[in-house]
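Colleague: I would like to go through this model before using it. Please take the questions in turn.

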Amino acid sequence: MTAPHFPYPPVVGDDDDADPDGPRDAPGDDGYDRPTEGPAAGPDQDPPDGRTDPAAGTGPSEGGEADEPEEPLDSADVIRGLADLLGGATIGLGDVRVRGQNATGHGAVAIGTVNVTTAGADGTGRIWYESLSGNDVGELAQGYAPTSSDQQLDRHLKRRHLVCLSGPSASGRFTSAVLAIARRHGLDRACVLGAEQPADLLGSSERLPAGRGYVLRLADSAANAVDGFTLVALAARAEATGMTLILVGDFSRRGQDLAGHVVEHRVPPAVEVFRARLRQQLAGLCVGWCPDGCDGTCVERYVDDECVTHPLLSAYLAGEPRPGEVVPVVELIARTVPHGPALTERLEQLLPRQLRERAAQILDAGRPDGPDGVDAWAADRARAFRLTCAVLAGQPVAEIDQAARRLAGTDLTGTASVGPRLRGPELDSLLGSTLRQAVVVLGDERAAGGRRIEFGAGSEQLRSTLLEVAWTDWWLPGQLLGWLADLVRSDVPGIRQAAAGAIGWSAGRDVRAALETVGDLARERRAGVRQAAAIVLVAMAMQPGLRQRVRTELDQWAAGPAAHLRDTVARAYGLGLARLWPDAALVQLRLVAQARMQRRNNSVVRGLVEVYRDGHAATLVPELVDWTSDDPEVRLHAARTLRVLADRWAEPPREHWPELLDLVRRRIVSPGDVAALWAVALGMPQTAYRSWRTLGFWLNRADGNPEVAAHCVALLRHVIAGRPPLRHRLDHQVRHVWRPIMPRNELLDAVHALIDEDLS
């Protein structure tokens, strides 16, 4: 592929007199549009005067109330998050960042004093970088377990100046990137970069020191929103200034459309992570009571002969936990260096076996003879706090305490939304010794109260066991469901989603009560609450015995008049149910799409994309073509779906093919059907801007690949055939938008010839 040269940040706009820096918008954080309603144009809409204005705001919600921002979620993440709570059930599922000039800290790796510098003179503070000291990077390397992707990353950095290192969180990807920079530029020339969006680095005022390497960590939402043209422009700027840039994030959903720039981080074996980290923690210590002076061999014997070969630890490491999960185990062992029976006792605490007995012991806080007993007056609060830890694992301590007080019946009228910080002894008393050994209290200044509680490695199943014991032994079901529904109505997305999973779990014990609860939540005006209600439905459907009840409920909601219930149906399909019932999804989503409420939501589109991702493209594409001949509301969702599908790229070894075009090549979908959808998406004001932009990226990637280019030209011939407005718009794009951005793209000549051919 011929690499284009961009005289300005590469954005495919709609106007020849647009701002020379191009519009600064990007797709939504999760890759979807942010649709709007009313006279103000949104990111994909052209205002009435014909100019592209991607910076327009979000329209009001139904009834004149502004709705809350929707938390972007992926169905795979939702299903995996529910699997632990539901005993491994699933639905056909396949396989820090920080901001501010004075921010420090890098995930699982703590680096000491750093030199923080702010780049950029625009006064916004959006760009900053930290220069890491050579000593700190050297210490980081000592505890690092090499992985097979390190050499691949080094080879990519020799050939190009920008690489995307893709991997899940807590997998060691950030450490791998920092050390790759150090190998490339030297230990003292590695920097950590911060930016609101990668496109911010393209501003004329953003000039970073040359000859250095920079690591930019991206949240999942930012990684999903990285624009292909922006990536090419960043690479060109990095090459021009002689610097190296590594974008670190989870690009697993973007690997194909960013092919050539992405290196998959391969997680090192858990046993090697354990060895490397424990050796670093014990470096310089004598752990074997050496009689004639310690030469360090006792550390090797302790790590290899006593720890790694221990049956409990060996079984745990064989399960290949992530590095971020192994680190707490290492730290707890290194704290006291237990031997023999003491090591076994410690591992049994970390990796419990008798879950129900432990759960009963944890919740029986009022037993005076028990190890976790507290004063009688505090027993109810402690019990509620411990159960809340199981429901809201991963949330701040202060939020858990507030939720526990509600469950215990404490009157919170007039109190602050977040209570005072719990001191160490008080927190330990509330947790009790047994639960305290199963959870990890993490310091997090971004969290209210400064700390979070998470279940430690090997203790995940204890969460559902605590719920089971609470349901059968301590609280009435109605009381627990009312409390969980109250949590779902919280303003904190993490709390809403965690509580929704617990309600879905409860359906296995009382399905009627759970359906009544989720019905009330699905009628809420707030989008975040309806999203949580959809998670409840997914959790229920993940339990085979409940699927028929869920299916019946969805049929009634989709066909009924309640707009919010119908919206919840679409959200449930988008969060995983489309994998279970694809045929029902197409029928019910069309009913939902007819509502005007869906103009400002992407719920229908997400559900349709889920049907596509599950291998039903041959059914979905003709169905969407039929949607384009229906009412305008339904047509809009067909156009939005095409725009999202056009951003997908085929799997290796055909990663240079747009996935839709590859399906046309393989005759899975009709070229006429795909062209009809493209014509609608390119012609509708709400979707035209990003659709033309995506089409330009197709042509950029196809240049230099004759087979792909031929199919692109053939598809464009279908698109403009009999559609003069689109033919003129394509001519405008070639002359005034794509040609200035891609002056060396030879495929544009063929496209222009196609326009002339059509004119004749």
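Modeller: Accessible areas here come from the Shrake-Rupley method with a 1.4 Å probe. The model is a predicted one.

Colleague: What share of the exposed area of the protein chain do carbon and sulfur atoms supply?

Modeller: The protein chain has 32 helices and nine strands, and 55% of its 760 residues are buried. It exposes about 31100 Å². Of that area, the share from carbon and sulfur atoms is 49%.

Colleague: Which residues of helix H21 are buried?

Modeller: H21 covers residues 547-559 and reaches 19 Å from its first C-alpha to its last, close to the expected 18 Å. Buried means under 20% relative accessible area. By that cut-off the buried residues of H21 are Val550, Glu553, Leu554, Trp557 and Ala558.

Colleague: Why are the buried residues on the same side of H21?

Modeller: An α-helix has 3.6 residues a turn, so residues three or four places apart point the same way. The face turned away from the buried side of H21 carries the exposed Gln548, Gln556 and Ala559. The buried residues lie on the same side because the arc they cover around the axis is only 125°.

Colleague: Which helices are included in what covers the buried residues of H21?

Modeller: Contact means heavy atoms within 4.5 Å. With that cut-off, the cover includes helices H19, H20, H22 and H23.

Colleague: Which element gives the largest share of the largest nonpolar core?

Modeller: That core has 153 residues, and those with the most contacts inside it are Tyr573, Trp678 and Trp738. The largest share, 11 residues, comes from H20.

Definitions and conventions: Residues are numbered from 1 along each chain as its sequence is written. This is a predicted model: local features need pLDDT of at least 70, side-chain atom pairs count only at pLDDT 80 or more; totals for chains, interfaces and linings use all residues. Side-chain values use heavy atoms; hydrogens and water are left out. Helices (H or I, at least four residues) and strands (E, at least two) are DSSP runs, numbered from the N terminus. Buried means under 20% relative accessible area, exposed over 50%, partly exposed in between (1.4 Å probe, protein chains only). The expected span of a helix is 1.5 Å times one less than its number of residues. The arc is that of the directions from the helix axis to the C-beta atoms. A nonpolar core is a set of buried Ala, Val, Leu, Ile, Met, Phe, Trp, Tyr and Cys residues joined through side-chain atoms within 4.5 Å.
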